[in-house]
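Here is a short report for a first look at this structure. Please keep the sequence and the 3D view at hand while reading.

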Amino acid sequence: MKRILHFILLCSICVGAFAQSKEFENVFRACTLAQSSMSDGVGSQSEIREACSLLTLTEWSPLILQQDSKNAEAAMKNHMVFSPEFLKDVAENRKVYKKAKQYAEEQIAQQRGGSVQLCTKCIKAKQKMTYYIRANGKPINIAAVAEVNGLINLSVIVKDGKGKETPYKINSDEFKGASTRRLPTIILPKGYSYVYITIENKSDKDKSVAIIVE
């Protein structure tokens, strides 16, 4: 009986490790589809359309991040923007990459609603950027998806009202990075706190990155 109870407890902990909503899963999947759609250098029309459909039908809001480090952002031109408008147009005309900055700015200005938040940042090769948001004590989910051939690391530091810092990151393939990163659900301290999100671009080229927060 003790073994059974221990197994049930262990399962409940494992399930709770990724307590993300359906909307969060949809946005994350849409971004990974957008990434893989261009992996052959030509573009998979079906994956682009599916990614566009998921982002169109799912409720999410623009993610507004404050910078907390030396600016290592690169120009958005010629990089992927993780928005339904960009994906819809890129499926029809690859030349929209030249107007990527415009799509990124439009993404920030949109008011769509929903608890999931999304934005696209472009990070310089072999550099990292730290952003921060203010949180109010609720559990938080954070993920990042690089554009095609991008390799990234994602780390988070939570600073509570008393200044105590708690770090979170994924150690697997940390030296070379990974195409996607998703942290287990973070239980924030009571009251207000600051969440510092660091994106490290391990690639030899500038890469755009979707940052997803719930």
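Helices (H or I, at least four residues) and strands (E, at least two) are DSSP runs, numbered from the N terminus. The model is predicted: local features need pLDDT of at least 70, side-chain atom pairs count only at pLDDT 80 or more, and totals for chains, interfaces and linings use all residues. Residues are numbered from 1 along each chain as its sequence is written, and side-chain values use heavy atoms, with hydrogens and water left out.

**The chain as a whole**

The chain has 5 helices and 10 strands. It holds 214 residues, of which 45% count as buried. Buried means under 20% relative accessible area, exposed means over 50%, and partly exposed lies in between (1.4 Å probe, protein chains only). Among the contacts with a separation of 6 or more, 81% join residues 24 or more positions apart. Contact means heavy atoms within 4.5 Å.

**Helix 2 and its partner**

Helix 2 covers residues 22-37, which is 16 residues. From first C-alpha to last, helix 2 reaches 22 Å, close to the 22 Å expected at 1.5 Å a residue. That expected span is 1.5 Å times one less than the number of residues. Buried residues of helix 2 include Phe-24, Phe-28, Cys-31 and Gln-35.

Two packed helices are described by the angle between their axes and the distance between the axes. Axes are lines fitted to C-alpha atoms, for helices over the stretch in contact, and angles run from 0 to 180 degrees between N-to-C directions. The axes of helix 2 and helix 3 come within 8 Å and cross at roughly 155°. Helix 2 is therefore roughly antiparallel to helix 3. Angles under 35 degrees count as roughly parallel, over 145 as roughly antiparallel, 65 to 115 as roughly perpendicular and the rest as oblique. The crossing of helix 2 with helix 3 is left-handed; that is, the near helix is turned anticlockwise from the far one by less than a right angle. On helix 2, the contact residues include Asn-26, Ala-30 and Leu-33; on helix 3, they include Ile-48, Ala-51 and Leu-55. By class, this contact has 8 nonpolar, 3 polar and 3 charged residues. Ala, Val, Leu, Ile, Met, Phe, Trp, Tyr, Cys and Pro count as nonpolar, Asp, Glu, Lys and Arg as charged, and the others, Gly among them, as polar.

**Helix 3 against helix 4**

Helix 3 (residues 45-57) also packs with helix 4 (residues 84-92), at about 155° and with axes 8 Å apart. This makes helix 3 roughly antiparallel to helix 4. Ile-48, Ala-51 and Leu-55 are among the helix 3 residues in this contact, and Leu-87 and Lys-88 are among those of helix 4. The contact residues divide into 8 nonpolar, 2 polar and 1 charged.

**Four single residues**

| Residue | Place | Relative accessible area |
|---|---|---|
| Thr-56 | helix 3 | 43%, partly exposed |
| Thr-120 | strand 3 (residues 116-123) | 7%, buried |
| Lys-126 | loop between strand 3 and strand 4 (128-135) | 53%, exposed |
| Asp-173 | loop between strand 7 (165-169) and strand 8 (180-182) | 45%, partly exposed |

Thr-56 and Lys-88 are 32 residues apart along the chain, and their C-alpha atoms are separated by 9.9 Å. For Thr-120 and Phe-82, 38 residues apart, the C-alpha separation is 6.1 Å. Lys-126 has a positive phi of about 60° although it is not a glycine. Asp-173, also not a glycine, has a positive phi of about 50°.
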